[in-house]
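This report describes selected features of one molecular structure. The sequence and coordinates are shown first.

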Amino acid sequence: MPRRPLIDFRATRRGRVWWAAAALEEALREAQRAYPSETGGLLLGWSPQPAAVVISEVIGPGPRAGHHARTFTPDSAWQEEQLAQAYELAGRRLQYLGDWHTHPRGTVRLSGTDRATLRHIAEHPDARADYPVMAVLAGGPLWQVAVRQQVRRRGGPRLLSLEVWESPTDRSE
Ligand SMILES: [Zn+2]
C-alpha cells in the first residue's frame, strides 16, 4: 500500500494518484531515451475508487513502436504480452488504468487528440478502464509530470494530485 510519499507535485482538492517510484523512474528513463521523439505506454495498478489511483507498474512502448516528434505508435502486440504477463505475476490483482505518453519539448497540457482518446475510453463500456487515467511527461531533460482522470462521460478530465511512493519491494532490488 502507499507509504512514504516523497514529492507532492501539485495539490488539488479532488483526486489523488500515488505512483511507485520505480515505475515512475522507468517511464522517465524511457522518456529520456526516446527524446526528442515521443514515447509512452500503459499504466497498471489499482484504483479502489475513482478519486484514488495507485500506479504500481508501467509498460513501455515495445520494440517495434514508431517514435515521432508529436506522435508515437505503440507495439500493441508486445504490450498485450507484457500485460498478460503482469496479470499472471500479480494473480490478477492488477488492473489496467490507462496510458502514459510524453510531450517532448512541450507542456503537460492535453492535446485535443489526448482529450478525445480519454473520452473515447470512458464512453465505451467494453474498454478496460471505467475511469481512465492519462499521464503526460513533458519537457526533457527535466520532465514535468501530470496525471489526469476522466471521471465523467462528458467534460474534461481532472488533474490528480501526484505523490510518489516507494514500495517495500523497490528497496530489495
Ligand atoms: Zn499528448
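Which residues are buried in H3? In this predicted model, Asp 114, Leu 118, Ile 121 and Ala 122 of H3 are buried. Around the helix axis they cover an arc of only 100 degrees, which puts them on the same side of H3. An α-helix has 3.6 residues a turn, so residues three or four places apart point the same way. The buried residues of H3 pack against E6 and strand E7 (133-139). On the face turned away from this buried side, H3 carries the exposed residues Gly 112 and Thr 113.

**Helix spans**

For both H3 and H1, the length can be checked against the expected rise of 1.5 Å a residue. The values are listed below.

| Helix | Residues in helix | Expected span | Distance between end C-alpha atoms |
|---|---|---|---|
| H3 | 12 residues | 16 Å | 16 Å |
| H1 | 14 residues | 20 Å | 20 Å |

The end-to-end distance of H3 agrees with its expected span, and that of H1 agrees as well. The buried residues of H1 are Ala 21, Ala 23, Leu 24, Ala 27, Glu 30, Ala 31 and Ala 34.

**The zinc site**

Asp 114 also takes part in metal coordination. The zinc ion is coordinated by NE2 of His 101, NE2 of His 103 and, twice, an OD atom of Asp 114, at 2.0 to 2.6 Å. Along the chain, the donors follow the spacing H-x1-H-x10-D. His 103 lies in strand E6 (residues 95-104) and Asp 114 in helix H3 (residues 112-123), 11 residues apart, and this pair links distant parts of the chain. Both His 103 and Asp 114 are buried.

Why does the arrangement around the zinc ion count as irregular? The four donor atoms subtend angles of 54 to 158 degrees at the ion, which makes the arrangement irregular. A tetrahedral assignment would need all angles to lie between 85 and 135 degrees.

**The aromatic pair**

One aromatic pair is present in the structure. The ring centres of Tyr 35 and Trp 143 are 6.0 Å apart and the ring planes stand at 90 degrees, so the pair is edge-to-face. Tyr 35 is in the loop between helix H1 (21-34) and strand E2 (40-49), while Trp 143 is in strand E8 (residues 143-149); the pair links distant parts of the chain, 108 residues apart.

Is each ring-bearing residue buried or partly exposed? Tyr 35 is partly exposed, with a relative accessible area of 25%. Trp 143, at 14% relative accessibility, counts as buried, because buried means under 20%.

Conventions:
Residues are numbered from 1 along each chain as its sequence is written. This is a predicted model: local features need pLDDT of at least 70, side-chain atom pairs count only at pLDDT 80 or more; totals for chains, interfaces and linings use all residues. Side-chain values use heavy atoms; hydrogens and water are left out. Donors are N, O and S atoms within 2.8 Å of the metal (3.2 Å for Na, K and Ca); water is not among the atoms, so sites may look incomplete. Four donors count as tetrahedral if all angles lie between 85 and 135 degrees; four count as square planar and six as octahedral if opposite donors are over 155 degrees apart and all others between 65 and 115; anything else is irregular. Helices (H or I, at least four residues) and strands (E, at least two) are DSSP runs, numbered from the N terminus. Buried means under 20% relative accessible area, exposed over 50%, partly exposed in between (1.4 Å probe, protein chains only). Rings of Phe, Tyr and Trp (its six-membered ring) pair if their centres lie within 6.5 Å; planes under 30 degrees apart count as stacked, over 60 as edge-to-face and the rest as tilted. The expected span of a helix is 1.5 Å times one less than its number of residues. The arc is that of the directions from the helix axis to the C-beta atoms. Contact means heavy atoms within 4.5 Å.
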